[in-house]
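I sat down with this one today to look up a pocket, some helix packing and a couple of backbone oddities. My notes follow in the order I checked things.

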Amino acid sequence: MLDGENIIVSLVKAMLSLLVLTCHLLCFSPNLLFGMGNPLLDISAVVDKDFLDKYSLKPNDQILAEDKHKALFEELVKKFKVEYHAGGATQNSIKIAQWMIQEPHNVGTFFGCIGKDKFGDILKEKAQEAHIDAHYYEQDEEPTGTCAACITGDNRSLVANLAAANSYMKDKHLDLEENWKLVEKAKVYYIAGFFLTVSLESILKVAKHASENNKLFCLNLSAPFICQFFKDSLMQVMPYVDVLFGNETEAAAFAKEQDFETKDIKEIAKKAQALPKVNKKRQRIVVLTQGKDETAIRLSDKIEAFPVLKIDPKEIVDTIGAGDAFVGGFLSELVRDKPIDQCVKAAHYAANVIIRQAGCTFPEKPDFN
């Protein structure tokens, strides 16, 4: 081939590559996925029995910090070799979605409240390392929320101190013009039910924006106590929910509180889908997981069952974070306008990876396509 022809071929290839990249960026850009919730700095360390005994901790447990646990977090950092990760249910899911997506960075935006302190600085750093665009409301009345993972052998004792996470203020953060612009940039929104205990008005503002602009608003039932004790708040948000997530125990609690008069997971999904909805352009999708059993999805007018990936029980390190990972995998495909079966495939893959790891951590890159 002549030099001139080589140059032309090279130019054509370069232009095609540029066109493909431009199309990718136009279709897929930063801030398309928005999450809002309770940010926690996960602090994990291998500890000894004396440390557990000092703070009256069981080897394998999940509790909220009481006054007697206040000194635990600083002592954990001082006495043991710790690892830090950006945590909290919604932030975990946004983080997993970004990991599944890889490029571009900052596809996921996250809002939540932290303290102006050392742990807050570390959390900002860890969110940045996870390539999520975290915009925290920073205040100095409460310290940054933390979750200590005290590891002994194969056991993990979790102690969560929500602290600043409970102090999110709509008027001080969400309503600010520069922050609301980030909300407007998104096309898929995800909030875990835990945030209903913090700022219902913030959730409603985001949910109404999604509904009015025919965007996707996703909510997680998160825990049975949300369905029971925050029922009124939950049902104020439900008319705006396009995709509802939950597991079998949350679904059972929800069904009981809503007088569905059934314990059948498929019937619960059907009845949840039929609840009143504002945006009639989209029919609600209900996604209910059942641990190692199949995931039930109410889609249009039918129920579909998706088996989870098989795993040798010996390979399971830690199931904490599996639900967050499932949602993160699902969102990573949903934000790319992929069909629901592909979303579930990604969800099952992400959960399968996370249960092989300690905490909500993952390898450098996913092996998924």
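At what angle do helix α11 and helix α12 pack, and how far apart are their axes? Before answering, I note for myself that this is a predicted model.

**Entry 1: α11 and α12**

I looked up residues 248–257 (α11) against residues 265–273 (α12), and the angle comes out at about 60°, with the axes 10 Å apart. Angles of 65 to 115 degrees would count as roughly perpendicular and those under 35 as roughly parallel, so I put α11 down as oblique to α12. The crossing of α11 past α12 is left-handed.

Next I listed who touches whom. From α11 I have E248, A251, A252, F254 and A255, and from α12 there are I265, I268 and A272. Sorted by class, this contact has seven nonpolar residues, no polar ones and one charged.

**Entry 2: α4 and α13**

I then turned to α4 (89–101) and helix α13, which covers residues 322–334. Their axes come within 7 Å and cross at roughly 45°, which makes α4 oblique to α13. Here I wrote down a right-handed crossing.

On the α4 side, the contact uses A89, N92, S93, I96, A97, M100 and I101. On the α13 side, I found D324, A325, V327, G328, G329, L331 and S332. The class tally for this contact is eight nonpolar, five polar and one charged.

**Entry 3: the second largest pocket**

What volume does the second largest pocket have? I get about 370 Å³. It has 18 lining residues, and those closest to the pocket centre are W99, E129, A130, H131 and F362.

I also asked which elements supply at least two residues each of that lining. β4 (83–87), α4 and α5 (118–129) each do. So α4 turns up again here, after its contact with α13. By class, the lining splits into six nonpolar, six polar and six charged residues.

**Entry 4: backbone oddities**

Is the peptide bond from E103 to P104 cis or trans? I have it as cis, with omega near -5°. P104 sits in the loop between α4 and β5 (108–115).

The other one I flagged is N214, with a positive phi of about 55° although N214 is not a glycine. I located N214 in the loop between α8 (200–212) and β10 (216–220).

Definitions and conventions
Residues are numbered from 1 along each chain as its sequence is written. This is a predicted model: local features need pLDDT of at least 70, side-chain atom pairs count only at pLDDT 80 or more; totals for chains, interfaces and linings use all residues. Side-chain values use heavy atoms; hydrogens and water are left out. On a 1 Å grid over the protein atoms alone, a cavity is a set of points where a 1.4 Å probe fits but cannot get out, and a pocket is an open set with protein on both sides within 12 Å along at least five of seven lines; lining residues have an atom within 4 Å of a point. Grid points are joined across faces, edges and corners, and a volume is the space filled by probe spheres set on the points. Helices (H or I, at least four residues) and strands (E, at least two) are DSSP runs, numbered from the N terminus. Ala, Val, Leu, Ile, Met, Phe, Trp, Tyr, Cys and Pro count as nonpolar, Asp, Glu, Lys and Arg as charged, and the others, Gly among them, as polar. Axes are lines fitted to C-alpha atoms, for helices over the stretch in contact, and angles run from 0 to 180 degrees between N-to-C directions. Angles under 35 degrees count as roughly parallel, over 145 as roughly antiparallel, 65 to 115 as roughly perpendicular and the rest as oblique. A crossing is left-handed if the near helix is turned anticlockwise from the far one by less than a right angle, and right-handed if clockwise. Contact means heavy atoms within 4.5 Å.
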